[in-house]
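Student: Could you take me through a close look at a single part of this model, the place where the chains meet, and then set that part in its surroundings? I would prefer one connected account.

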Amino acid sequence: MDYNIALIGNPNVGKTSVYNKITHSFEHVGNWTGVTVEAVSKEILFEHRRITVCDLPGLYSLTVYSPEEGVSRDAVCAGKQQAIIDVCDVNDLSRNLYLTLQLLEAGAPVVLTLNMMDELSRRGQIVNYRKLEAALGLPVVPMATKYHAEVHMLLSVTVDYIEHRRHKRAELPYLKKLPLEQVKTIIEKNAEKAGVDLLYAAIKVLENDTFILEKLALSDEQKAGIAALGEGLQDKLAAARYAYIDKIMDGVIMSSVADEHHEMHEHSVHDVPLTASERDEAEKRGDEDEIKHIRLHGKIKKNEDLKRRGFSGLDRLFLNKYLALPLFFVIMLAIFLVTFGDYMPGYWMKTGLEWIFDNALHDPVQKGLTSIGAWNWVTGLVTDGIIDGLGGVLVFLPQIVLMFLFLALLEDSGYISRVAFMTDGLFRKIGLSGRSVFTMLMGFGCSATAVLTSRGMEDEKMRKKTVMLTPFMSCSARFPVYSAICAAYFSGGKAFVIFGMYILGAAVALAYAAILNKIKKFKSGEMSFIMEMPPYRIPTLTRVFQILWHNAKAFIIRVGTVVFAINIIVWLLSSFGVGTVDGNTVFGYCGDHAEIKSFLEYFASAIAPLFAPLGFGAGEHGWQAVTALISGLAAKEVVLSSIESFGGAEVVFGTDGCAALAFVVFTLLYVPCIATLAAIRKEAGWKWMLGGAALQLATAYVISLVFYWMGVLFTYNVGAAVSIIIVLVVAAIVAAVIAHAVRTRNMCIGCPGAKNCGGSCGRKKK
Amino acid sequence: MTLMHAESDRIYRIVSVSGDGDRHRRLLDMGFTPGSEVYVAGYAPFGGTVLVSLRGFSVALRENAADLINVECADGL
């Protein structure tokens with residue numbers, strides 16, 4: 001028996017969680033809208049039946065707004081599925097049912113599942129799903145994804161529905177209020193020709209759905225006929241659907257008896273709150289206790305009421321006008337400190353690993369190999385090339401995993417969407433949206449995966465810009481480079497320099513966004529106007545372990561494959577070469593004769609002069625720094641492992657701290673790894689990838705140059721350096737003040753509509 | 001009055017949704033139907049975006065959408 005079933009539903013209702021549970025997959029899930037961007041399917045065996053389960057991107061309505069939503073709509077319309085599981089968030093049922101009604105209108109075989117029942121019960125509410133079953137004429141399965149038995153139940157019901165209940169089209173009484181019969185007669189022939197369901201087509205014609213209208217190809221006469229049916233039918237249809245939902249929802253979700261009992265108990269002690277007239281009397285009498293009592297009751301009532309409306313009290317804090325941004329910075333700083341700060345959890349784990357690599361691996365192996373008389377170069381390969389190279393990267397595993405964990409927690413808790421909301425206004429001024437903030441923050445984890453999260457952004461240009469600029473955000477692979485080099489040169493200000501690198505990367509990305517938005521060719525189009533705020537959720541322990549495990553695994557695999565291979569190639573190229581020994585040109589291992597120059601040295605020496613102005617390209621070890629950068633294209637971790645295999649930062653940069661700083665800046669800004677480039681090409685195309693790479697290379701060069709010479713100036717003439725900085729800062733402030741004055745000349749004070757208001761808010765002009 | 005010019009921490013009733021095309025329909029689909037009540041939770045620190053709650057969920061609207069929604073005050077608290 002072969003069946004096809006699909007999972008459909010509003011965004012962020014947990015479709016992918018259900019899918020993962022059913023198919024034992026690990027598709028990415030998150031507490032925000034639009035995590036799933038394409039249809040994913042997998043075949044499973046369930047009670048001797050072969051079932052293909054398909055996970056679809058979320059959507060609000062079968063009339064779609066984005067290509068991802070189109071994927072879902074097409075899947076429903078194609079009708080290949082024997083059953084469609086409509087996943088609803090039971091805590092937000094009325095909006096979820098709106099899609100359910102549309103599925104029923106289209107005549108789809110729907111099995112409804114009420115997900116997140118655990119959250120509902122935690123609030124002391126129950127759901128009478130039988131009522132929904134009766135009203136909509138379809139099977140309803142309440143469940144929570146975390147219980148395996150309930151997911152099993154869902155599959156069981158679905159299979160039973162396919163095999164035993166012949167699908168009957170649901171009666172939807174609200175459709176009678178609309179002039180559908182007239183529309184049907186007008187479009188009957190076209191619908192038959194186009195092969196779409198007549199009732200569905202008629203409804204979509206009322207909604208002015210371009211997709212269906214194109215399919216039907218109506219003549220002007222027919223269009224006029226439909227227009228004659230009246231205005232505002234779209235509004236009427238939406239209102240009728242919601243009215244019907246309110247009707248069938250009546251008495252479906254209730255407070256449980258325990259909760260009611262509690263309320264009764266409270267009132268029997270406190271007495272019921274007074275009415276307005278009674279309060280007036282109390283005030284007249286001056287009865288303070290009574291007035292206080294009323295105020296208290298009013299307050300509790302109001303908070304309860306707002307919760308019912310969907311407002312979370314936490315937003316009062318996290319989205320507070322004055323506290324929101326400081327809180328955001330404090331949270332980000334705390335994450336950085338815990339992960340990267342000295343004497344913090346991340347630090348201890350790293351130090352422990354370092355000790356193991358040095359004392360338990362490197363030294364014994366070297367001793368062992370030397371004592372049995374292994375060839376020199378083999379000993380070098382194993383100890384310097386493999387153990388030091390890989391060890392130098394692997395010690396960062398705990399910190400990188402911690403970083404991913406924190407990012408995932410921000411994502412899962414729902415906080416990241418609030419960040420998008422509060423930074424939206426600022427980001428829109430530079431042609432990005434709060435949605436880009438998310439992608440860019442993910443860039444702190446891994447550029448390649450962050451680039452993929454840009455999907456689902458509405459405006460194409462904005463999306464491509466975000467994709468191109470995200471690599472400027474300092475990914476976790478770059479961090480080891482800063483950390484190791486800063487430890488050698490800026491021991492006191494190490495954390496400061498590292499945090500500075502993160503800020504610098506972000507600042508460069510934002511500055512470019514602002515500049516690009518001034519150029520007409522790259523200006524963003526009009527932005528989508530709705531951002532969903534997912535509810536605050538506490539991530540589960542299982543989920544935390546999943547994140548830790550998956551990221552650790554991915555990192556280790558990467559180090560074991562790409563980094564390992566490149567490391568050996570780089571080591572071989574940098575350890576073997578040709579040179580003149582005793583008048584003869586010989587090929588051999590560099591460690592055997594000081595005169596032999598490695599192949600890599602020849603090549604890197606040739607281009608090192610290009611980097612001489614940046615400090616690190618000059619001198620006898622210049623080629624090593626350049627080599628590290630070139631091999632870093634494969635993966636940024638390799639930058640450090642190459643430096644380690646040359647003998648560490650102190651060897652490569654000597655005593656020149658400014659060159660080390662310039663190198664760190666260059667590492668931050670230059671072309672990202674091949675994996676990221678491939679992701680950019682996939683998301684934005686060749687042109688954006690090459691353009692972006694060129695931009696990054698140029699930026700890295702110029703900014704490193706500035707850093708190097710400012711550093712040199714600081715070392716030799718502090719007065720001049722400080723003077724230059726003061727002049728620049730003053731000039732920037734003056735320019736900003738003038739620009740602000742020009743821009744806000746005609747704005748009203750404190751107007752939320754800002755520039756576009758035009759005085760309609762009635763607030764005072766400046 | 002449109003939602004963009006409403007006051008924070010108050011409840012409003014939707015009178016009508018103006019405009020047409022995709023944006024108009026999307027607002028309707030999200031539940032911004034005439035007669036329903038919305039709670040204005042607040043505005044973004046840099047302006048231009050308003051956070052509202054309706055029908056049990058929260059959503060942020062930019063001014064180009066909030067300006068389409070005509071509301072009247074419905075404080076029953």
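Tutor: What follows starts at the contact between the chains and then moves outward to the core, the sheets and the helices around them.

Please keep in mind throughout that this is a predicted model. The contact draws on 47 residues from chain A and 39 residues from chain B. On the side of chain A that touches chain B, at least two residues each are supplied by α3 (93-105), α11 (233-249), α14 (288-309), α16 (324-340), α20 (415-429) and β9 (530-533) of chain A. Of these elements, α20(A) gives the largest share of that side, six residues. Sorted by class, the side of chain A that touches chain B holds 22 nonpolar, eleven polar and 14 charged residues.

One of the elements just named, β9(A), also pairs across the contact: four bridges join β9(A) to strand β4 of chain B, residues 57-62, and the two run antiparallel. Within this pairing, Met533(A) has Ser58(B) in β4(B) as its bridge partner.

Chain B has strand pairings of its own. Its strand β1 (residues 10-17) pairs with strand β2 (residues 37-43) of chain B in the antiparallel sense, over four bridges, and there Arg13(B) stands opposite Glu37(B) in β2(B). β1(B) is also joined by five bridges to strand β5 (residues 69-73) of chain B, again running antiparallel, with Ser16(B) opposite Asn70(B) in β5(B).

The nonpolar interior also includes residues of both chains. The largest nonpolar core has 215 residues, and those that touch the most other members are Ala662(A), Phe663(A), Val664(A), Leu3(B), Val50(B) and Val52(B). Helix α31 of chain A, residues 657-669, contributes the largest share of this core, eleven residues. Val664(A) can serve as an example: leaving aside neighbours within four places in sequence, Val664(A) is in contact with Val481(A), Tyr482(A), Ile485(A) and Met501(A). As a general point, nonpolar side chains tend to be buried together in soluble globular proteins.

We can now return to α3(A), which was named among the elements at the contact, and follow it into chain A. α3(A) lies across β1 (2-9), β4 (83-89) and β5 of chain A, and runs at about 165° to β4(A). These strands belong to an open sheet of six strands in chain A, in the order β2-β3-β1-β4-β5-β7, with mixed pairing. At the edges stand β2 (40-46) and β7 (140-142) of chain A, each with a single partner strand, so one side of each is left without a neighbour in the sheet. On average, and with direction ignored, neighbouring strands of this sheet are turned by 25° against each other. Strand β5 of chain A, residues 110-115, pairs with β7(A) in the parallel sense over three bridges, and in that pairing the bridge partner of Leu114(A) is Pro142(A) in β7(A). Helix α5 of chain A, residues 129-136, lies across β5 and β7 of chain A and runs at about 160° to β7(A).

Chain A also has an open sheet of three strands, in the order β11-β10-β12, with antiparallel pairing. Here β11 (584-589) and β12 (597-598) of chain A are the edge strands, and since each has a single partner strand, one side of each is left without a neighbour in the sheet. Two bridges join strand β10 (residues 576-581) of chain A to β12(A), and Gly577(A) has Ser598(A) in β12(A) as its bridge partner. Val586(A) lies in strand β11 of chain A and is partly exposed, with 14 other C-beta atoms within 10 Å. Apart from neighbours within four places in sequence, Val586(A) is in contact with Val578(A), Gly579(A) and Val581(A). The C-alpha atoms of Val586(A) and Ile596(A), which are ten residues apart along the chain, are separated by 7.9 Å.

A helix pair of chain A completes the account. Helix α23 (residues 460-469) and helix α32 (residues 674-684) of chain A pack at an angle of about 175°, with their axes 10 Å apart, and α23(A) and α32(A) are therefore roughly antiparallel to each other. Lys464(A), Val467(A) and Met468(A) of α23(A) make this contact with Ile680(A), Glu683(A) and Ala684(A) of α32(A). By class, the contact of α23(A) with α32(A) has four nonpolar, no polar and two charged residues.

How values were computed
Residues are numbered from 1 along each chain as its sequence is written. Chains are lettered from A and ligands numbered from 1 in the order in which they are written. This is a predicted model: local features need pLDDT of at least 70, side-chain atom pairs count only at pLDDT 80 or more; totals for chains, interfaces and linings use all residues. Two residues are in contact if their C-beta atoms, placed from the backbone, lie within 7 Å. Ala, Val, Leu, Ile, Met, Phe, Trp, Tyr, Cys and Pro count as nonpolar, Asp, Glu, Lys and Arg as charged, and the others, Gly among them, as polar. Two strands pair if DSSP finds at least two bridges between them. A nonpolar core is a set of buried Ala, Val, Leu, Ile, Met, Phe, Trp, Tyr and Cys residues joined through C-beta atoms within 7 Å. A residue is buried if 20 or more other C-beta atoms lie within 10 Å of its own, exposed if 12 or fewer, and partly exposed in between; C-beta atoms are placed from the backbone. Axes are lines fitted to C-alpha atoms, for helices over the stretch in contact, and angles run from 0 to 180 degrees between N-to-C directions. Angles under 35 degrees count as roughly parallel, over 145 as roughly antiparallel, 65 to 115 as roughly perpendicular and the rest as oblique.
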